[in-house]
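Colleague: Could you walk me through this model at the bench-side pace I like? I would love to hear the reasoning behind each answer.

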Amino acid sequence: MPDTGFPAAARTALADTQLRRNLHVATHTIRDKRLRAVAEVPDWEELREAGRRIKQHAMRHLDEHLETLEAAVQRAGGTVHWAADATAANRIVADLIAATGEREVVKVKSILTDEIRLNDALRARGITAHETDLAELINQLSGDTASHILVPAIHRNRAEIGELFRRHLPDAGDLSDDPRALAGAARAYLRDLFLASRVAVSGANFAIAETGTVGVVESEGNGRMCLTLPDTLITVMGIEKVLPRLADLEVMLQLLPRSSTAERMNPYTSLWTGVTPGDGPRAFHLVLLDGGRTNALRDTTGRQALHCIRCSACLNVCPVYERTGGHAYGSVYPGPIGAILTPQLTDLHGGRTLPWASSLCGACYEVCPVKIDIPTVLIHLRGRIVAGGQAAPRMEDRAEHAGMRAAAATFRRPWLYRLAQRVGLPVARRLVRHERLMAALPGPLGRWGAVRDLPAPPAETFRDWWRGREETP
Amino acid sequence: MSDRALVLGRIRSALADVPADEPSAWSWAEDPDPAAAYRRGRRDEDRAVLVERFLERCGEYSATVQRCEEPSLVAALTAICERHAVRTLLVPPGFDEHRLPPDLAIERDDPPLSVERLDIGDAVLTGCAVAIAETGTIVLDGGPGQGRRALSLLPDLHVVIVDADRIVSGVPEGVDALAAAVTERRPLTLISGPSATSDIELTRVEGVHGPRRLEVLVVAPSGEDPYWAAAERG
């Protein structure tokens, strides 16, 4: 995928006033709700710390937990498949579907399957994948991609969705734009599909190593339909979703819903362990995908990006995401978490501008239910990307680097620092108006200075003042 | 090399910084850190308070909630079925016969009904394994009187009977109570209100794919001194 870069994509997104209005309403609504949902939990900070510890521990012994999970799933009647990359995962899923003789499958919303472009891979094998999550259905019908982890069609308003349904759904010619009516139309359309489908594909929110239990957290019930009614269930899961113990669920099931939909609990959570005679699918396949996750695991600072439980709280509070929306990030993982996850999943080959798509305000860290220190990882990745070199640094970057190097050289040499102050201060004082440094700065600095005021430099340096203080008794 | 060996090899080389003797069997539950001492193992909370909290929070999901004592259970169920004009009530195997409304057509999921039959079903009546007060959550674990998952999914109305002594304080206590079902590989479904979506402008709409209506009936085991008497006294 060509990396056109966040700055260019963001400029396009910012020009779309409808998009900005939709995003503003949505992110502010969910922000306030989340605050209320979190405020009523007296031990929220302790839960966050427990969540961080559990995920950190899971990652530090990931190989053992995955082997334990594999054994437990197989004991419970499931089959485990390993995939080193997206191509391998897609091939495994397509082969499994082909073996059932089915040409159509129903899907539960899964960001991972968007990441590996499973639907395209299946289409190439003559298999149609029907998205059943309302937002995923909206995006599939409009040929659009997800712009948010939790509400993938957040960039669309009701009028746009109404228009789409009237055009694409059978018997929806006089459908209104009321969300209730729109959801009802989706229910009627999908019900027949659920009843007829023999194969379902899902993602997973977590898998418990010690018991082999897999979990899907959802709201609409399309997940329950897909996980219960078909004969064959194929679940594709990133290797980082493993949790060592069943008891770890008691933490995650408190952190995730309140951070995500800002509810005490989401309407439905399904937990299954292999296959159960007389209840649900008769065949269960779990596909474990690396897909670049081990790149992130190698980086002891960046590793914590794998702790993410995909709640999307960081997107909703991010001043950058709020204005640009998800598409500008050019990744299925947008927002602050996407800015640290996307580059690492591609071993810094893709998403190279994303670590700069942040003001480093730190709001993402504050809301993260598993305390991922996103700002620190952002800065760390900026360093790695710069150190790794760019094919052709921009003029501004070269000037900035030269400036920084000159500053470093000056700070290292006291005599040079004194000289710089003696020469620089009178020049800077001349730019002062009303005790602010306001005059236009020269060259490329002009653009930077146009939107910023700096406090005026003092009349004398600290060093001069200190010396004068020693001399006057 | 198989993908399995490849992935595990990549993981092991990526984790070269982790000391070989660091225990991998660590569990928060067994070795709690004071910084992460969240509330768990609560056993001493007043049951009347738990029932009140469960009713309040479950009700806030726009489920219809009410409580009754065992002797008036059948009447309460009959009233619910009348209110929703239920013609036939679907019932899982193992459901207590004494609790069934006598004047209503009952269809048992034994032998299992077809999904087409479930799809046109008006209503299903089940019990539950555990209910969580703090989150207003009902958990079905496929045990007796709860049925297979499709049974409580396809009909339009789900009526759940929650025995008051199955209500626990919070999520940790709930997960704890479900460990046995997981060990027996029974599937679990956590239900918090009727199905819903917020996908359109984050406006919550109830009743997408699961049952569109959820009726919850909390039942005290005897008519003598129901749990909530204390709460009502104040």
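Modeller: Happily, and a definition comes first: helices (H or I, at least four residues) and strands (E, at least two) are DSSP runs, numbered from the N terminus. This is a predicted model, in which local features need pLDDT of at least 70, side-chain atom pairs count only at pLDDT 80 or more, and totals for chains, interfaces and linings use all residues. Residues are numbered from 1 along each chain as its sequence is written, while chains are lettered from A and ligands numbered from 1 in the order in which they are written.

Colleague: Thanks! Which residue follows α3(B), with a positive phi?

Modeller: The residue sits in the loop between α3 and β2 of chain B. Its phi is about 50° although it is not a glycine. For background, most residues other than glycine have a negative phi, and most peptide bonds are trans. The residue that follows α3(B) is B:A85.

Colleague: Is B:A85 buried or exposed?

Modeller: A residue is buried if 20 or more other C-beta atoms lie within 10 Å of its own, exposed if 12 or fewer, and partly exposed in between, with C-beta atoms placed from the backbone. B:A85 has 9 other C-beta atoms within 10 Å. By that count, B:A85 is exposed.

Colleague: Now the helix itself: which residues of α3 (residues 73–83) in chain B are buried, and why are they on the same side?

Modeller: The arc is that of the directions from the helix axis to the C-beta atoms. The buried residues are B:L77, B:I80 and B:C81. They share a side of α3(B) because they cover an arc of only 95° around the axis.

Colleague: Which exposed residues are on the face turned away, and what covers the buried ones?

Modeller: The face turned away from the buried side carries B:A75, B:E82 and B:R83. For the cover, contact means that the C-beta atoms of two residues, placed from the backbone, lie within 7 Å. What covers the buried residues of α3(B) includes the chain B strands β2 (88–91), β4 (123–126), β7 (157–163) and β12 (213–220).

Colleague: Where does the largest nonpolar core lie in relation to domain 1 and domain 2 of chain A?

Modeller: A nonpolar core is a set of buried Ala, Val, Leu, Ile, Met, Phe, Trp, Tyr and Cys residues joined through C-beta atoms within 7 Å. The largest one has 192 residues, and A:V287, A:C314, B:V139, B:V162 and B:V216 touch the most other members. Domain bounds come from an automatic or database domain assignment. Domain 1 (1–40 + 307–391) and domain 2 (41–291) of chain A both give residues to this core, so it lies between them.

Colleague: How many residues of chain A are in contact with chain B, and which helix gives the most?

Modeller: The contacts link 76 residues of chain A with 67 residues of chain B. By class, the chain A side has 36 nonpolar, 22 polar and 18 charged residues. Here Ala, Val, Leu, Ile, Met, Phe, Trp, Tyr, Cys and Pro count as nonpolar, Asp, Glu, Lys and Arg as charged, and the others, Gly among them, as polar. Giving the most to that side, with eight residues, is chain A helix α3 (residues 44–60).

Colleague: Why do the buried residues of α18(A) line one face of the helix?

Modeller: Those buried residues are A:I374, A:V377, A:L378 and A:L381, whereas A:G383 and A:A387 are exposed on the other side. What covers the buried set includes α14 (313–317), α16 (335–345) and α17 (363–367) of chain A. Seen down the axis of α18(A), the buried residues line one face because they fall within an arc of 105°.

Colleague: Which residues does a cis peptide bond join, and what is omega?

Modeller: The place to look is the chain B loop between β3 (105–108) and α4 (115–119), where B:P111 lies. The cis bond joins B:D110 and B:P111, and omega is about 5°.

Colleague: Last one: what share of each chain is buried?

Modeller: Chain A has 22 helices and 13 strands, and chain B has six helices and 12 strands. Of the 473 residues in chain A, the buried share is 51%. For the 234 residues of chain B, the buried share is 48%.
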